[in-house]
Amino acid sequence: MTGAVVTDLYKDKIYNVWVIPGLLTGLIIAMSQGGDRLLMALMSVGAAFLILIPVYLIKGIAAGDVKLLLATASFLSMQDLYACILYSFLIAGAISLGILIFRRGSKKTLHFALPVLVSTVFVLSGSV
């Protein structure tokens with residue numbers, strides 16, 4: 001996930017080389033933990049897709065951001081996924097407000113991978 005954040009910040013792109021191995025790793029780990037855990041991982045990925053596709057279609061986030069959250073979902077329970085998505089958007093909103101206030105007249109780009117990383121760390125650490 002950190003690699004995706006770095007490339008998003010410096011190249012405005014999240015490469016599949018970061019996302020696909022993450023998704024596959026999450027699913028392989030879930031499969032090694034049993035059929036129930038694999039089913040939960042697949043349901044989390046599916047739920048993330050269903051939640052984020054409308055946001056993508058209205059150009060709220062880019063395709064790379066959707067793929068990054070899908071990969072992240074493969075490691076999360078449904079409850080953690082919902083918290084991660086909610087906190088990602090809240091953190092992105094706070095960053096956007098800062099960009100609007102402090103970068104008047106300049107390029108106003110929000111790199112959504114950073115809020116995803118921060119929210120994932122908060123959710124997995126139990127901080128929220």
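Q: In this predicted model, where is Met-40 placed, and is Met-40 buried, partly exposed or exposed?

A: Residues are sorted by relative accessible area: under 20% is buried, over 50% is exposed, and the range in between is partly exposed. Met-40 belongs to helix α3. Its relative accessible area is 30%, so Met-40 is partly exposed.

Q: What separation is found between the C-alpha atoms of Met-40 and Ala-30?

A: These two residues stand 10 residues apart along the chain, and their C-alpha atoms are separated by 8.2 Å.

Q: How should the length of helix α3 be read?

A: The end-to-end distance of a helix can be set against the span expected at 1.5 Å a residue. Helix α3 covers residues 35-57, which is 23 residues. From its first C-alpha to its last it reaches 33 Å, close to the expected 33 Å.

Q: At which residue does α3 bend, and by how much?

A: A bend is read as the angle between the helix axes fitted on either side of a residue. In α3 the bend is about 30° and is located at Ile-51. A proline, Pro-54, follows within four residues.

Q: Which residues of α3 are buried, and what covers them?

A: Here the cut-off of under 20% relative accessible area applies. The buried residues of α3 are Arg-37, Ala-41, Ser-44, Val-45, Ala-47, Ala-48 and Leu-52. Their cover includes α2 (16-32), α4 and α5 (78-102).

Q: Where is Ser-74 found, and why does Ser-74 count as buried or exposed?

A: Ser-74 is in the loop between α4 and α5. Its relative accessibility is 0%, and therefore Ser-74 counts as buried.

Q: With which residues is Ser-74 in contact, leaving aside its neighbours within four places in sequence?

A: A contact is a pair of heavy atoms within 4.5 Å. On that reading, Ser-74 touches Gly-22, Leu-23, Gly-26, Leu-27, Arg-37, Ala-41 and Val-45. Among these partners, Arg-37, Ala-41 and Val-45 also appear in the list of buried α3 residues.

Q: How does the span of α5 compare with what its 25 residues should give?

A: At 1.5 Å a residue, α5 should span 36 Å, and its end C-alpha atoms are 36 Å apart, so the two values agree.

Q: Which residues of α5 are buried, and what covers them?

A: Leu-81, Ala-83, Cys-84, Ile-85, Ser-88, Ala-92 and Ile-99 are the buried residues of this helix. What covers them includes α3, α4 and α6 (113-125).

Q: What is the setting of Ser-119, and which residues are its contacts beyond its neighbours within four places in sequence?

A: Ser-119 is found in helix α6. Ser-119 counts as buried because its relative accessibility is 0%. Its contacts are Cys-84, Tyr-87, Ser-88 and Ile-91. Of these, Cys-84 and Ser-88 are also listed as buried residues of α5.

Q: What is the sign of phi at Asp-12 and at Lys-59?

A: Most residues other than glycine have a negative phi. Asp-12 has a positive phi of about 55° although it is not a glycine. Lys-59, likewise a residue other than glycine, has a positive phi near 65°.

Q: Where do these two residues lie, and is each buried, partly exposed or exposed?

A: Asp-12 lies in the loop between α1 (2-11) and α2, and α1 is followed by this residue. Its relative accessibility is 45%, so Asp-12 counts as partly exposed. Lys-59 is in the loop between α3 and α4, and α3 is followed by Lys-59. At 73% relative accessibility, Lys-59 counts as exposed.

Q: Which residues of α1 are buried, and against what do they pack?

A: In α1 the buried residues are Gly-3, Ala-4, Val-5, Thr-7 and Asp-8. They pack against α2, α4 and α6.

Q: How much space lies in the largest pocket, and which residues lie nearest its centre?

A: A pocket is described by its volume and by the residues that line it. The largest pocket holds about 270 Å³ of space. Its lining has 14 residues, of which Asp-8, Ala-62, Asp-65, Leu-110 and Phe-112 lie nearest the centre. Asp-8 is also one of the buried residues of α1.

Q: What is the make-up of that lining by class, and which helix gives the largest share?

A: The lining has six nonpolar, four polar and four charged residues. Helix α4 (residues 63-73) supplies the largest share, three residues.

Notes: Residues numbered from 1 in each chain as written. Predicted model: local features only at pLDDT ≥ 70, side-chain atom pairs only at ≥ 80, totals over all residues. Heavy atoms only, no water. 1 Å grid on protein atoms, 1.4 Å probe; cavity = no way out; pocket = protein on both sides within 12 Å on 5 of 7 lines; lining within 4 Å. Points joined across faces, edges and corners; volume = space filled by probe spheres on them. Nonpolar A, V, L, I, M, F, W, Y, C, P; charged D, E, K, R; others polar. Bend = angle between axes of the 7 residues up to and from the residue. Buried < 20%, exposed > 50% of the residue type's maximum accessible area, 1.4 Å probe, protein only.
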